[in-house]
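Work through these exercises on salt bridges and an enclosed space. Try each task before reading its solution.

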Amino acid sequence: MIKGIIKILLTVFLVLILGIGYLSIFGLKTEKFNNQIKKSISEVNNKINFQLNDVYYLLNLKNLSINISTNNSKLSIEDRLIDIKKIKTNISIKSFINNQYSIDDLEISTAEIKINDLLFFTREVHNSPQLFILSKIIKDGSIEVDASINFDTKGKIKNDYQIKGSIKNARLDLLNQSTINDLNFLFNLNKNQYSLSKIKTSFNEIKLNSPLIEITKKKDSYLIDGIFLTKNQKLDGDDLNFISKGLINLKDIKEIEFSSNNKLSFEINKKFKINKLDIETTLDLDKLIFSKKFIDLSAYLKNTKEEILFEKNKIQINYKKDKLKVKGTGSIFFTDKSEQITYEIIKNNDQFSFNTKFNIKDNSFQIVPLNYEKKEDVNSIIIIDGDFKKGN
């Protein structure tokens, strides 16, 4: 009798051990709870249709919890579709037994989906003016997202969440009629700190890339710091229409070739207004051709051309608090022979000041009213400076 009871207990114990081992290693696949999961989602928004595949339950003895996962599910509203590669979460064994489903953490991985579809779903769940503006700005592109979220005992999201992924081939039409094309980057989002890396894009025909941009969330705005690089760009005046015409008429520019290193910092508020803009640029100007109307020295130099050529100029540009400073040096061609030029231009609101120095050697130079003439191969320095106010 006792041996029989012991045998039964051993059998039950062995089955229990094997069952726990099986659930810990292989898990259990079932559709039993699918309707309950769908019901929970419909309570968030009854327009959402959730196509849920088999759900896997894996026992985690270390944490006394159950890992729940499902693959290749779909969310849809009307003709909008989001493919979800994986959903994974943990609930305590006690919650599972009591049918409470208290979630400890949640991991979600999407397939490559349209950005506007994701914005559409987000606005259906929680709309805001910022999301509305984004939906108007973003015209195309796809996104992949991997999100890892932890919950406290009350079911609220903890501050240690992490959202990462990638944006591909996005197109943005900005409010000032500028366009960003072929935008690609990786992103990593944490509470109050966002990082964008490996950025490549085209802004109004200018190709840009950036190794890193960091965005810090403040109370009512975002602080953005980043580096933008351009390399071997070739443009004409029509490609530069987005630039202010404060220093030169863009129609006078015929061709420009350059590379640049730009350090950028600014704040942007919730209404997308930019404040505290700070730009530091190192510009390698390989070539700039523009009409001589901007600097006409034909009264002093013989055989001047209709177009002026800047070549191999090194330029430093700084902009901060409505003050722009441009300082450069390099070669300039008024004729077939090059000369050296050094210049500094400062714009403070509507007030301009400039200082330009020409080192003329290979060209002859004359000032008729002063009865002065410089021969070729003789150094002569000409300094032009002054101040003026825009509109005067």
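The exercises below go from charged pairs to a cavity.

This is a predicted model: local features need pLDDT of at least 70, side-chain atom pairs count only at pLDDT 80 or more, and totals for chains, interfaces and linings use all residues. Residues are numbered from 1 along each chain as its sequence is written, and side-chain values use heavy atoms, with hydrogens and water left out.

**Exercise 1. Count the salt bridges, then place the pair Asp 117 and Arg 80.**

Step 1. Apply the rule: a side-chain nitrogen of Lys or Arg lies within 4 Å of a carboxyl oxygen of Asp or Glu. The count is 15 salt bridges.

Step 2. Check the pair. The closest N and O atoms of Asp 117 and Arg 80 are 2.9 Å apart, in a salt bridge.

Step 3. Locate both ends. Helices (H or I, at least four residues) and strands (E, at least two) are DSSP runs, numbered from the N terminus. Asp 117 sits in helix H4 (residues 115-125) and Arg 80 in strand S5 (residues 80-92), so the bridge ties together parts 37 residues apart in sequence.

Step 4. Judge the accessibility. Buried means under 20% relative accessible area, exposed over 50%, partly exposed in between (1.4 Å probe, protein chains only). Asp 117 is buried at 11%. Arg 80 is partly exposed at 26%.

**Exercise 2. Which residues are linked in a network with Lys 85?**

Step 1. Start with one pair. Lys 85 bridges to Glu 144, with the closest N and O atoms 4.0 Å apart. Lys 85 is in strand S5 and Glu 144 in strand S8 (residues 138-150), 59 residues apart.

Step 2. Extend the links. Salt bridges join Lys 85, Glu 112, Glu 144 and Lys 168 in a network.

Step 3. Add accessibility. Lys 85 is partly exposed at 39%, and Glu 144 is partly exposed at 24%.

**Exercise 3. Describe the largest cavity by its volume and lining.**

Step 1. Define the space. On a 1 Å grid over the protein atoms alone, a cavity is a set of points where a 1.4 Å probe fits but cannot get out; lining residues have an atom within 4 Å of a point.

Step 2. Count and size. There is 1 cavity of 30 Å³ or more. The largest cavity holds about 40 Å³.

Step 3. Read the lining. Residues lining the largest cavity include Lys 292, Asp 296, Ser 298, Thr 304 and Phe 334. By class, its lining has 4 nonpolar, 2 polar and 3 charged residues.

Note on methods. 1 Å grid on protein atoms, 1.4 Å probe; cavity = no way out; pocket = protein on both sides within 12 Å on 5 of 7 lines; lining within 4 Å. Points joined across faces, edges and corners; volume = space filled by probe spheres on them. Nonpolar A, V, L, I, M, F, W, Y, C, P; charged D, E, K, R; others polar.
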